[in-house]
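The following exercises concern salt bridges and the burial of the residues that form them. Please study the sequence and the structure before reading each solution.

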Amino acid sequence: MNLLSVENLSKSYGLKVLFNNISFGVATNEKVALVAANGSGKTSLLNIITGSDVGSTGRVTFNNNSTVAYVSQQPDYTAFETIKDVVYNPVTPIVKAIKEYEVALELYSTVGDEASEKRYENAQAMMDTLDAWTYEEQVQMTLNKLNLLNIDMPIKTLSGGQVKRLALALALAQKPNLLILDEPTNHLDIEMIEWLENYLMTLNCALLIVTHDRYFLDRVCNVIIELADNKLYSYKGNYSYFVEKKAEREAMQSAEIDKARNTYFRELEWVRRMPKARTTKSKSRLDAFDDIKAVALSRKKEQELTILSHMSRMGSKIMEITDLQKAFGVKKIINNFTHTFTRGEKLGIIGANGTGKSTFLNMIMDMEKQDAGTIVHGETIVYGYYEQKGLQLKEDKRAIEVVKDVAEYITQPDGSTLTAASLMNKFLFPPDLQHNFVSKLSGGEQRRLYMLSVLMKNPNFLILDEPTNDLDIQTLSTLENFLVDYSGCCIVVTHDRYFMDRLVDQLLVFKGNGEVELFPGNYTQYREYLEIQEEIEKYETNKNKKEGNLQTTTAGAKSKISFKEKQELDQLELDLEALELHKKQLEHEIAQGDLSAELLTKKSKEFQTTTYSLETKTVRWLELSELL
């Protein structure tokens, strides 16, 4: 049963067609992701569905049993003073029902006539229907999970991440059977994204999501709908399935167009030499020719993003950080951190929101003063700083003016020059878009323009603070490929785990309270390391429990196994658990691929010994278990 149905929907802005005659539905408990390039109309489609815009043609209908909650890309709560005011905003159906129940109860208690009794009964029924009795408790529980502990916090003090978490908490507390999310992972730290990911995976609710987070798409969604060429394509599977089937569809379409083109040229030759006297047979062939022509000429020239950057020369000295310290009052940001950057180093930074990641970047760029320690920059280093806040420009500034403010032209690696207009075209800004006001660009287009203005300076050290926000998957992939091949240094702060995994070779982990840890590996490797550490901690806890049980084992138990063999069996259980953990840790170390030849030989031998010991002890444990 569809909770949402979109039928023959079209939307245009002047001559620009966003989508034409598209139809789809979202069924009960279906988890649907909408993917498309920036500017294709994803947010416009959600605005039509949620009622803040209207389509040019077509209709959107919800099932009578649908209860819908929507989290926009940039929730706006500026009209409210505190989180509490937002939570009890009477606009939401549940809060309306609670307010009505309170009024009806008061009226029934004081008046007690038939009309007030009827109103009170209706209010109770609505509270039952919306399951509103535990709303306050549900909101508080969700806010706590999302680290918004103080409901009296002023709205003006909230960060972008806190505003997004507040919107998510309110939506989840409404217990909808259809949840619509526009870029829910933007401004959230990785810990919050993984919590939301796990929560939505098990949520008994239908989802319609717009997101560029590929791990999120892969793990949460079971249907992908793609908006491309003003049409909609549907794939029943997760993101990995979508990538595979999309490639197959495009290959098949390309083959059909090539076949139609061959037929078209043959038929075109026949049409040109055909006599004027047209028979019925030739008339039908002419009609078929028109159809073939439409297919043959349907191939659109796909414009791909091209990133050009002629990196400035880099000397041997990059950047040296020594005993860096920073605090805001009693809150420590970084404490005695030392690091020397090497040529080509790509460093990822992770940590919860508010732990000081952006402050650290600002200190590197001399936009924030450290309390102690030194940051020494190499003389040849040219920084390109992409700030999280993005473009801060006047609304009447045109896109091409932003680029020309940096440079009228740039020099390419081969020595030739490229004008600002030509460069913008390679960055997917055609002439009509170049002269648009910045305020009229989509979020993704503004981000792409900002990235272009940073790269135009030909930096040899890139500092990127949340570069993935609002970018479509195609642009993300191109940016990843550019950065993987980039020979300069790079520091990147991002919540996009796939982006981080592809790019970085080590992580700087901000743990809070000034503690910063350098980890040699990408994000997935760091997660595996944490899981191993958790298993070791569990093992140590179980070991202590079992050792306590060994001391209290009585010799009087009636069994085929002797007391000494029982002790051996208990010890074998401890040994096997330790050997399994040790084997897993050795596998992890060997798989890193960064061990020296000598150390790799040593670890390989240790792995063989551990495996043999594990097999031997397992056989003995089975023998004793049968006796017991």
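**Exercise 1.** How many salt bridges does the structure hold?

Solution. The model is a predicted one, in which local features need pLDDT of at least 70, side-chain atom pairs count only at pLDDT 80 or more, and totals for chains, interfaces and linings use all residues. Residues are numbered from 1 along each chain as its sequence is written, and side-chain values use heavy atoms, with hydrogens and water left out. A salt bridge is a side-chain nitrogen of Lys or Arg within 4 Å of a carboxyl oxygen of Asp or Glu. The structure holds 23 of them.

**Exercise 2.** Locate the partners of the salt bridge between K246 and E226, and decide whether E226 is buried or exposed.

Solution. First, the side chains of the two residues meet at 3.0 Å, N to O. Next, K246 belongs to helix 9 (residues 239-273) and E226 to strand 8 (residues 223-228), so the bridge ties together parts 20 residues apart in sequence. Helices (H or I, at least four residues) and strands (E, at least two) are DSSP runs, numbered from the N terminus. Finally, E226 is buried, at 6% relative accessibility, while K246 is partly exposed, at 24%. Here buried means under 20% relative accessible area, exposed over 50%, and partly exposed in between (1.4 Å probe, protein chains only).

**Exercise 3.** Which helix holds both K245 and E248?

Solution. Both residues lie in helix 9, three residues apart, about one turn of the helix. Their closest N and O atoms are 3.4 Å apart in a salt bridge. K245 is partly exposed at 25%, and E248 is likewise partly exposed at 39%.
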